[in-house]
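Open the model in your viewer and keep the sequence panel beside it. The stops below each give a selection to make and then what is found there.

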Amino acid sequence: MAAKRDLPLPLLLFCLLKTISSLPMTSQPPEFGPLDSVTLLGSPTEGFVIVPEEYDDVDDYTVISTVPLVPTHGVLERCDYKPCLENQPSCYELSASFGCLCPGLSTNKVPPEAPNLGLVTLNGSDVTVAWCEPLSYVTGYIVTVGGQEKYTFSKDKRSGSIGQVDDVVQVCVSAVNDAGKSKASCTMYEPSDRSLPLKVGLIGGVLVLLVVLLMVALIWRRRRQRKQEAHISRAQ
C-alpha cells in the first residue's frame, strides 16, 4: 500500500496528461459541407447568410447579404396626381403601380385632413360645390348645407350638386375614411338675385315697344305731311 501511494512524480504527470487527452473537445468549430449555408438569426447580422467554401478555417467563410439594396443612382419621382381632378386613380394606386412617391400622404389609421374647399357656384338652377383632396387616405366626402342637409360623394369626386339654395347659408365639406371624419372646410354662399333675368327681359321689352311706337309716330307724321302738301298744291 505504501508503494502505491508514493508514486514517482514523472509517472503521476504522465497519467494526468493521458486522462486529459482522452476527454472530448467541445471548442472545435462546426463542420460544414461545401453546399451548406447557415443563417445567423437573433443577432445584428440577421438576414445575412454564411456561405462556406472549402477552407480549413471557419473565419474564412464569405458573408453575403440577402437584403435587397436600395439603388444609389436615380431619384424617385412624385406621382402624377392632381388632387383637384375628378375620376382618377388614387395616389396610393399610382404609387403601387408605378413606384412613385406620394409625399405627406397619411394612412387609413388616422382621420383625414380637411379638404380644400373651392368655388360654390350656381349652375343652371342648382348650386355646385367644388373641392380638392387632402394629403390623406380618403374613402368619401360629406357636404353639409346650413349644418343640416347632408350630401355624400365617392372618393373620386371633386364636385357635387346640392340642389337649389335660395337663402344665404354656410356650405361645408369634410373627408372621411375608416378612422373617422376630418374637420370641415366651410364658406358662406350668397345666392344671386333670381329676378334679375326677369327684370332684364322686362326692360328689353319696354325698349322694343318704345322703338316701335316711335317708328309708328314718324310714319304717321310723314304721311300727314304729304297730305298737307298735296292739299296745298291743289288749292293753288
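**Strand E6**

Select strand E6: Gly140, Ile142 and Thr144 point one way and Tyr141, Val143 and Val145 point the other way, and all are buried. The model is a predicted one. Side chains in a regular strand alternate between the two faces of the sheet. E6 covers residues 140-145 and is mostly covered, with 6 of its 6 residues buried.

**The partners of E6**

Keep E6 selected and add strand E7, residues 149-154. The two pair in the antiparallel sense over 6 bridges. To find the register, pick Thr144, whose bridge partner in E7 is Lys150. Then go to the hairpin of E6 and E7, where 3 residues lie between the strands. Gly146 in this hairpin takes a positive phi near 65°.

Now add strand E9, residues 169-177. E9 also pairs with E6 in the antiparallel sense, over 6 bridges. Here the residue to pick is Gly140, which stands opposite Val176 in E9.

**An aromatic cluster**

Return to Tyr141 in E6 and show its ring together with those of Trp131 and Phe153; ring pairs link these three residues into a cluster. A search of the whole structure finds 3 aromatic pairs. In one of them, Trp131 and Tyr141 are tilted, with 5.3 Å centre to centre and 45° between the planes. Trp131 sits in strand E5 and Tyr141 in strand E6, so this pair links distant parts of the chain, 10 residues apart. Both residues are buried.

Next, look from Trp131 to Phe153. This aromatic pair is tilted too, at 5.5 Å centre to centre and 50° between the planes. Because Trp131 lies in strand E5 and Phe153 in strand E7, the pair ties together parts that are 22 residues apart in sequence. How is each of the two residues covered? Trp131 is buried, with a relative accessible area of 2%. Phe153 has a relative accessible area of 18% and is buried, since the cut-off for buried is under 20%.

**The sheet E4-E5-E8**

From Trp131, extend the selection along E5 and add E4 and E8. These 3 strands form an open sheet in the order E4-E5-E8, with antiparallel pairing. Strand E4 (116-123) and strand E8 (159-161) each have a single partner strand and stand at the edges, so one side of each is left without a neighbour in the sheet. Neighbouring strands of this sheet are turned by 20° against each other on average, direction ignored.

Zoom in on E4 and E5. E5 spans residues 126-132, and 6 bridges join it to E4, the two running antiparallel. For a marker of the register, label Thr121, which stands opposite Thr128 in E5.

**The disulfides**

Display the cysteine side chains: the structure holds 4 disulfides. With bonded cysteines counted along the chain, they follow the pattern 1-4, 2-6, 3-5, 7-8.

Start at the end of E5 and select Cys132 with Cys84. Their sulfur atoms are 1.7 Å apart and form a disulfide, which is right-handed with 105° about the S-S bond. Cys84 lies in the loop between E3 and H3 and Cys132 in strand E5, so the link ties together parts that are 48 residues apart in sequence. Cys132 is buried, with a relative accessible area of 16%, whereas Cys84 counts as partly exposed at 46% relative accessibility.

Move on to Cys79 and Cys100, joined by a disulfide with an S to S distance of 1.9 Å. This link is right-handed, with 95° about the S-S bond. Cys79 lies in the loop between strand E3 (62-65) and helix H3 (91-98), and Cys100 in the loop between H3 and E4, so parts 21 residues apart in sequence are tied together. Both cysteines are buried.

Then select Cys91 and Cys102, another disulfide, S to S 2.0 Å. Its -105° about the S-S bond makes the link left-handed. Cys91 lies in helix H3 and Cys102 in the loop between H3 and E4, so the pair ties together parts that are 11 residues apart in sequence. Cys91 counts as buried at 10% relative accessibility.

**The whole chain**

Zoom out to finish. The protein chain comes to 4 helices and 11 strands. Of its 236 residues, 20% are buried. Among contacts with a separation of 6 or more, 48% come from residues 24 or more positions apart. The chain exposes about 18,400 Å², and carbon and sulfur atoms supply 60% of it.

How values were computed
Residues are numbered from 1 along each chain as its sequence is written. This is a predicted model: local features need pLDDT of at least 70, side-chain atom pairs count only at pLDDT 80 or more; totals for chains, interfaces and linings use all residues. Side-chain values use heavy atoms; hydrogens and water are left out. Two strands pair if DSSP finds at least two bridges between them. Axes are lines fitted to C-alpha atoms, for helices over the stretch in contact, and angles run from 0 to 180 degrees between N-to-C directions. Buried means under 20% relative accessible area, exposed over 50%, partly exposed in between (1.4 Å probe, protein chains only). Rings of Phe, Tyr and Trp (its six-membered ring) pair if their centres lie within 6.5 Å; planes under 30 degrees apart count as stacked, over 60 as edge-to-face and the rest as tilted. Contact means heavy atoms within 4.5 Å. Accessible areas come from the Shrake-Rupley method with a 1.4 Å probe; for residues, only the protein chains shown count as cover. A disulfide is a pair of cysteine sulfur atoms within 2.5 Å.
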